[in-house]
Every structure is written in C-alpha cells, then in structure tokens.
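Here are a few exercises to work through with the model open beside you. Try each task on your own before you read its solution.

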Amino acid sequence: MSLTLAHAATAPAHATQVFVLPTGATALPPAAGTDLPAEARRYVDAALVDEQKLVALNHFSHQHYFVVLEKKRTPDLTLEALRKAGHQLQAALKKEKTSEVFIHNLSENPEAALTLAEGLFLSAYQFEGYKTDEKSREAAPLTQLMLVGDAATEAQVTTLQHVLEGVAFARDLVNAPLNKLNAQQFAERLAEAGDAAGYTTDILDMARIESLRMGGLLAVNLGSPEPPTFSILEWKPEGAQNEKPYVLVGKGVVYDTGGLSLKPTPNSMDMMKCDMAGGAAVGGVLYALAKNNVPLHVIGLVPATDNRPGGLAYVPGDVLTMHSGLTVEVKNTDAEGRLLLADALSFAKKYHPELVIDLATLTGAAVRAIGTEAAAVMGTAEADTTAQLLAAAHRVHERLVEFPLWDDYADHMKSDIADLSNLGKAEAGHISAAKFLERFIEGTPWLHLDIAGPAFLTAPDSYRGKGGTGTGVRLLYEFLTRQLA
C-alpha cells in the first residue's frame, strides 16, 4: 500500500483536516477550525446539537471533518466506533479525491486519533489485483495520514504504520489466487517480508520435510504436482525479554479442493485460495514485530501445500504416520488442515516454547457456531493466558469465543485401526478438530484459533473490507506486546 502515517507538529493552512471532538459535544471547541468563518462554525454547532457524529464542511479547495467520540458500553467498543468512523471518513475522502489529511484529537481519549487513523487505513486497503485497464490500475489518491501535535507521538505513529503494513501484507497473500501463490511462492513471499523487516526465514523443501517424517503434510501434498514447503520464521532480537520463545503456527493450505472428498464449487471451493489465512497472519505478525523491534523471541511455523485429488492423492481409509509418531486414519481428505497443523505443532515442541498459538481456517463448524463476527479459541494454556488473549481480542475487535476442550470430545476422534481418526462427529466439529490437535502438542501450553469465519469475507464489512481481512495480525501483536515486562 502507498498510504503512510506520519506525525506533524501543525497543519498547514488550507489543508484537509479532521478533528475528533469530545463525547457529547454540542459546539466546536475553540481549538477546532480556528480559521473557520462564523457562519461555518454555526453550521457545525447546529449539526452537533442535532447529534450528528460526522460533520463535513467543503471549502472546495479543502475540507474540514468533525468526528464526535461516541461513548459506548465499554472502552473497547468506544475505540471500535472510531474505527468504523474511519471507514465512513475514508469514503468521504475518496469521493473528494483527497491526497493528504491532518488528524487532530480534541477528545478526552488519548487513543482517539490513532484509532480513527487505523480504521481509515484499513478501509483504504485495495488489493492490486490483475485488471489491465488504466482506470482499475490507477493509484488511490489518498497517500498520507498526518497525526497532528499531541494527537499521537512519532513513535506511536510509526508503530501503528508497521502493524497495519503487516495486516495489508497478510491480506495481499490471502487475496492472491493459487496460480500466483503456490506453496513455494508463498514461502518466498514470507522470506521476502523477512528480508524487509528483519526476521530470518528457513524454507524446508521436500527432502527435508521427508527427513522429518511429516506424514500429514506429505500426505496432503500427494495429489499435487508441486512440492510442499515448511517455513520457519524467526525474530530473535538482542535483549529479548523471554527466555523461552513464543511459537505461532499457521495453516498454509494455498488451495483446498477437498482432495478426493471433493468440495462443491459454489460458495465453497471457489473461495479456497483463502485457506492459508492462518499462515499469512503469522507472516504479518512477524513482520510487525520485527519492523517495530519488539524485544520478544518469536518463531513462526507455516506448513504449506495445496490439496488436490490428482496423481497418487491420499484417500479415505489411508493410515498416516505423523511427525510425532502417532498414526492417523483418514476418514475425509477435506479434513486436511489438521494434518498439516499436527506435524507443525509436534515440531514446535523442540523449541520448548513459552506458549504455542496456532491459527487456521479449520472448520465450517466454527463458522456455523459464531459466524464471521468472531473466531473460536480453545486450548490448554493457563486460564490467565487465555484471559489475556481474550482481552487483547476485545481491544482490537478481533473477537474470540472460548469453547470447551473437555476429555469427552476425544471420543469423537477415535479410530478402530489407528491412534486417531482425522474426522469427528457432525456435532461440535470445531471442538473435536481442536481435540485432535491437542494430541500433538501435549505437555506444552497451547491455544488454537479457528479463524474460518472472519479470515475471508464475501461481502464488504466496514474497515474489514471484502476478501482477506488479515485477521490475527493485530490480535497477536497486541497480545504479544502486552507480555513485555
């Protein structure tokens, strides 16, 4: 994206400016729009008395916008209202073909300007795509968001810029089709981002994956004409505050046909370029951590392949021997994501991590349970750790719903001929899938995020947009940076 955030001491005359006003404002504060004529101030005051939340003044050469800070039920929801106001504001700026805007914070909330800018930036995201006509390839006019004075510090602006770049990077990956982003290209894009940000990348090829006996990843790859990859991303700065690393694992199925258990195309297979959204989010988080030089040791693991029914594709009834040594009976080749993740989770244990978090577009059951408004979370981490992740989810409004992981659900994954089946019952599919994963990460604190609902949207939703949303990047960045002493 060409949109950048910056800090400015003051706004120049005749610049487009945005003022965030205090909750319940019924008149412009003296500091807002000091150059406005009396008639214009009266117009804005009347709109505020009328309880309008976004007021626009068009001076033809430039505009003034006034956003009223809404008081919501919780502080987190107040910030979310500002992100949504940023979405409305972006539409107005786009209509006026504004290139630069200066944002002031006159409200009682010190985070208001930053949060408004966040919603505006995310709303302005556009996937470059592959259209060839001139109009479609025209660059967006908005290129600069300037936060003025004490609306934010320069460091806060830079930090936010890098986090939002991480989100845009993840969105770009998710939106790319298979013929532009196979497993090898996916790994290379992650490595390129590492070179730009400062994290290291080790891409394991087929031979190394075979030597590690990653039976799940290898089985899913059998039907593909292209080899799998296993990317290890590592951010280990000098002075990292954690002795044991945090490990993030992301499902990297670059396209999922369902294998021999073929998916129907309408409203299903046609969207399956998004099945690597977990891996994309891991890349986005590592990018943001490295760019912001966060003093934490974090490792990302991204097993990647497509899942096709060709060649020697694995079939229902096959028994696989996984990286951990456990055996799995394949009941459905469309339950493939858990096979990749199982190998990666087992591999993660070698790092003796503080915590493992995996992200995956894993089950339709999670979508049916909670829709696209949230992701499901389950795991074996301490209750306090889970509570911290849930709190982070509310702060960035990438909400999580915690589901139980009771031992009873292990019965759903029993097999007559192997240690486990890869398919559970029709009920509670997102829970039984997590129960399957648990067997491969036993003895290590772990949380599983099923992001199947919010990772890819088929219709626009405010600043989340349409297509890849980058779900997980802001959430895990918020959670991890809160772990700093």
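**Exercise 1: a strand and its partners**

Strand β7 (residues 200-204) and β8 run antiparallel and are joined by five bridges. Bear in mind throughout that the model is predicted.

Task: Find the residue in β8 that is the bridge partner of Leu204, then find what stands opposite Leu233 in β11.

Solution:
- Step 1. Start at Leu204 and cross to β8, where the bridge partner is Phe230.
- Step 2. Next take the pairing of β8 with strand β11 (residues 298-307), which is antiparallel and has seven bridges.
- Step 3. Within that pairing, Gly300 in β11 is the residue opposite Leu233.
- Step 4. Finally, look at how covered strand β8 (residues 229-235) is: six of its seven residues are buried, where buried means under 20% relative accessible area.

**Exercise 2: the six-stranded sheet**

Task: Work out the strand order of the open sheet of six strands, and say which strands are its edges.

Solution:
- Step 1. Strands of a sheet pair through backbone hydrogen bonds, either parallel or antiparallel.
- Step 2. Following the pairs across this open sheet gives the order β1-β6-β5-β2-β4-β3, and the pairing is mixed.
- Step 3. β1 (4-8) and β3 (54-58) each pair on one side only, and they are the edge strands.
- Step 4. From one strand to the next, the twist averages 20°.
- Step 5. Zoom in on β3 and strand β4 (residues 63-68), an antiparallel pair with five bridges. Here Leu54 has Val67 of β4 opposite.
- Step 6. Now add the helices. Helix α1 (residues 38-49) lies across β2 (17-21), β3 and β4, at about 160° to β3. α3 lies across β1, β2, β4, β5 (100-105) and β6 (144-148), and runs at about 175° to β6.

**Exercise 3: two pockets**

Task: Describe the largest pocket and the second largest pocket by volume, central residues and lining.

Solution:
- Step 1. The largest pocket holds about 1,500 Å³ of space. It is lined by 44 residues, and those closest to its centre are Ala124, Tyr125, Gln126, Phe127 and Glu128.
- Step 2. Elements that give two or more residues to this lining are α2 (75-95), α3 (112-124), α4 (154-175), α5 (183-197), β19 (456-461) and β20 (465-468). The largest share, four residues, is from α2.
- Step 3. Sorted by class, the lining of the largest pocket has 17 nonpolar, 13 polar and 14 charged residues.
- Step 4. The second largest pocket comes to about 820 Å³. Among its 33 lining residues, Lys263, Leu362, Thr363, Gly364 and Ala365 are the closest to the centre.
- Step 5. At least two lining residues each come from α10 (364-370), α12 (429-438) and β19, and α10 gives the most, with four.
- Step 6. The classes in this second lining are 12 nonpolar, 12 polar and nine charged.

**Exercise 4: one loop residue**

Task: Place Ala410 in the fold and decide whether it counts as buried, partly exposed or exposed.

Solution:
- Step 1. Ala410 is in the loop between β16 (400-402) and β17 (420-421).
- Step 2. The cut-offs are under 20% for buried and over 50% for exposed. Ala410 has 33% relative accessibility, so Ala410 counts as partly exposed.
- Step 3. As a last check, compare Ala410 with Leu248: they are 162 residues apart in sequence, and their C-alpha atoms are 24 Å apart in space.

Notes
Residues are numbered from 1 along each chain as its sequence is written. This is a predicted model: local features need pLDDT of at least 70, side-chain atom pairs count only at pLDDT 80 or more; totals for chains, interfaces and linings use all residues. Side-chain values use heavy atoms; hydrogens and water are left out. On a 1 Å grid over the protein atoms alone, a cavity is a set of points where a 1.4 Å probe fits but cannot get out, and a pocket is an open set with protein on both sides within 12 Å along at least five of seven lines; lining residues have an atom within 4 Å of a point. Grid points are joined across faces, edges and corners, and a volume is the space filled by probe spheres set on the points. Ala, Val, Leu, Ile, Met, Phe, Trp, Tyr, Cys and Pro count as nonpolar, Asp, Glu, Lys and Arg as charged, and the others, Gly among them, as polar. Two strands pair if DSSP finds at least two bridges between them. Axes are lines fitted to C-alpha atoms, for helices over the stretch in contact, and angles run from 0 to 180 degrees between N-to-C directions. Contact means heavy atoms within 4.5 Å. Buried means under 20% relative accessible area, exposed over 50%, partly exposed in between (1.4 Å probe, protein chains only).
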